[in-house]
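Student: I would like a close look at a single part of this structure, taken slowly and then set against the rest of the chain. Please walk me through one residue and its surroundings before moving outward.

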Amino acid sequence: MLNGNISLFSAPCAVRNAFTVDVEDWYHVCGLDAEPLIPSCRRRVVQNVERVLSLLADCGATATFFVLGSVAEQEPRLVPMIAAAGHEIASHGYSHRMVTELGPGLFRDEVRRTGEILERQGGRRPVGFRAPRWSISAATTPWALTILREEGYLYDSSCNPLPFVGERQGRRIPFPVETPAGPILEIPPMVTPSPLGNLPTGGGWGFRFFPRALIGWTAARLNAAGNPAVIYLHPREMEARGPRLGLSPFRGFIVYGPRSSAEGRLKYLLRRFAFGTLRQVAEQWQPA
C-alpha cells in the first residue's frame with residue numbers, strides 16, 4: 001500500500017525538474033543471451049556513482065537513483081552511500097531483463113525482491129520504478145503498471161516517447177494512468193520534438209551528442225509550460241574511456257554513445273535549472 005502521507009498528484013509543483021541515475025554497470029546491456037561474467041575487479045559502478053554524488057554535492061542538487069537489485073547485492077555499500085547523501089532510492093528491477101521478457105509473474109517477483117533489498121539497505125521502501133530499456137508501455141505490457149500500483153508504487157518512469165525503445169507517439173509530460181489497482185503517475189524522460197520525431201536529448205547517447213544549447217532550450221520550454229525536465233544518466237557515462245562490450249558499431253553507439261563524459265553538460269544543467277527527485281515531482285505534480 002502507498003504511504004498514507006502521500007497525496008496523489010494534487011498540490012502545486014514546486015520542483016520543476018528531476019535528475020535521475022540508472023544504477024547499473026558498464027556491462028548491463030539488454031538483449032544479450034546471458035549477462036557477461038565480469039570479475040569484481042572490473043566493476044566500475046561504485047567509483048562512477050561516487051563521481052555523480054560529488055557532482056551533485058558541488059551543485060547543491062538532489063537526485064533519484066534507480067538501483068538494479070543485483071547491483072545492490074553485489075555492492076552492499078552503494079545504496080547506503082546514496083541514501084546518506086540525501087537522494088531518493090528507486091527500483092530498476094533486479095536482473096536488467098526487459099519487462100516484456102519477464103512476463104507478469106517474474107516481473108512481480110523482481111519488483112518485490114528488489115524492493116526488499118533496497119528497503120533493507122536504504123531504510124525506506126522505494127515508490128518509484130524504471131524498467132530496463134524503457135520496456136513498459138500500454139501496448140506491450142498493460143499489466144505492468146497495475147502490478148507496480150498493487151506493490152505500493154507512486155510513480156513509474158519507463159515510457160520513453162521515442163521510436164524503437166519506447167512509444168513514438170507517447171506523451172512527453174507526466175500523466176496519471178488509471179489501473180484496476182488505482183492511479184499511478186507516469187513520468188517520461190525529456191525529449192526534444194522535431195520534424196524527424198522526438199530526439200533523445202534527456203539522456204543516453206543523445207545527451208552527449210546533440211548541442212548543449214538544444215538541451216537547455218528544451219528544458220526551458222518545458223519549465224515555461226509548467227512541466228518538469230527529467231534527465232537521466234548511466235554511471236558509465238561519467239568516464240569517456242571506460243570499458244565496453246564488443247557490440248556491433250551501431251548497437252555499441254546506441255548503448256554507449258560517443259566517447260565523451262556527460263559531466264560537463266550535467267554541470268551546466270544543474271547550475272542553470274533547479275533539480276530535485278522524481279518522488280518530489282510526483283507528490284507535488286498537477287497538470288499545467
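Tutor: Let us begin with Ser-261, which is found in the loop between helix H8 (249–256) and H9. The model is a predicted one, and what follows should be read in that light. With a relative accessibility of 29%, Ser-261 counts as partly exposed, because buried would require a value under 20% and exposed one over 50%. Its side chain has two backbone partners: a polar atom of the side chain lies 3.1 Å from the backbone nitrogen of Glu-263, and a polar atom of the side chain lies 3.5 Å from the backbone oxygen of Met-238. Once residues up to four places away in sequence are set aside, Ser-261 touches Arg-208, Glu-237, Met-238 and Ala-240. As for C-alpha separation, Ser-261 and Arg-236 are 25 residues apart along the chain, and their C-alpha atoms are separated by 8.8 Å.

From this loop we can pass to the nonpolar interior. The largest nonpolar core has 41 residues, and those touching the most other members are Phe-19, Val-23, Phe-65 and Leu-266. Helix H1 (residues 45–59) supplies the largest share of this core, 8 residues. The surroundings of Phe-65 show some of this packing: leaving aside neighbours within four places in sequence, Phe-65 is in contact with residues including Val-49, Val-52, Leu-53 and Leu-56, as well as Val-21, Val-23, Ile-82 and Ile-89. The contacts of Phe-65 also include His-87 and Glu-88. A general tendency is worth recalling here: in soluble globular proteins, nonpolar side chains tend to be buried together.

H1 itself repays attention. The buried residues of H1 are Val-45, Val-46, Asn-48, Val-49, Val-52, Leu-53, Leu-55, Leu-56 and Cys-59. Among the elements that cover these buried residues are strand E1 (17–23), strand E2 (64–67), helix H2 (69–74) and helix H3 (78–84), together with strand E8 (230–233) and helix H9 (263–272). In its dimensions, H1 agrees with expectation, because 15 residues at 1.5 Å a residue should span 21 Å and the end C-alpha atoms are 21 Å apart. Just after H1, Gly-60 takes a positive phi of about 65°.

Strand E1, one of the elements covering the buried residues of H1, also contains Asn-17. Asn-17 counts as buried, at 1% relative accessibility. The side chain of Asn-17 makes a polar contact of 2.7 Å with the side chain of Asn-223. Apart from neighbours within four places in sequence, Asn-17 is in contact with Asn-223, Pro-228 and Ala-229, with Phe-273, Ala-274, Phe-275 and Gly-276, and with Val-281.

Turning to the aromatic residues, a search of the whole structure finds 10 aromatic pairs. In one of them, Phe-107 and Trp-143 have ring centres 5.8 Å apart and planes at 65°, so the pair is edge-to-face. This pair links distant parts of the chain, for Phe-107 lies in helix H4 (residues 99–122) and Trp-143 in the loop between strand E4 (128–129) and helix H5 (144–150), 36 residues apart. The two partners are placed as follows: Phe-107 counts as buried at 1% relative accessibility, whereas Trp-143 is partly exposed with a relative accessible area of 23%. Ring pairs also link Phe-107, Phe-129, Trp-143 and Tyr-153 into a cluster.

Val-99, also found in helix H4, brings this region together. At 1% relative accessibility Val-99 counts as buried, and, not counting residues up to four places away in sequence, Val-99 touches both Phe-107 and Trp-143, along with Ala-131, Ser-135, Ile-136, Thr-141 and Ala-144. The C-alpha atoms of Val-99 and Glu-110, 11 residues apart along the chain, are separated by 9.9 Å.

Two charged groups are also placed over rings. The charged end of Arg-113 sits over the ring of Tyr-94, 3.7 Å from its centre, and the charged end of Arg-212 sits over the ring of Tyr-268, 3.9 Å from its centre.

Terms used. Residues are numbered from 1 along each chain as its sequence is written. This is a predicted model: local features need pLDDT of at least 70, side-chain atom pairs count only at pLDDT 80 or more; totals for chains, interfaces and linings use all residues. Side-chain values use heavy atoms; hydrogens and water are left out. Rings of Phe, Tyr and Trp (its six-membered ring) pair if their centres lie within 6.5 Å; planes under 30 degrees apart count as stacked, over 60 as edge-to-face and the rest as tilted. Helices (H or I, at least four residues) and strands (E, at least two) are DSSP runs, numbered from the N terminus. Buried means under 20% relative accessible area, exposed over 50%, partly exposed in between (1.4 Å probe, protein chains only). A charge sits over a ring if NZ of Lys or CZ of Arg is within 6 Å of the ring centre and within 35 degrees of the ring normal. A nonpolar core is a set of buried Ala, Val, Leu, Ile, Met, Phe, Trp, Tyr and Cys residues joined through side-chain atoms within 4.5 Å. Contact means heavy atoms within 4.5 Å. The expected span of a helix is 1.5 Å times one less than its number of residues. A polar contact is a pair of N or O atoms within 3.5 Å; within protein, one must be able to donate a hydrogen and the other to accept it, and residues adjacent in sequence count only if both atoms are side-chain atoms.
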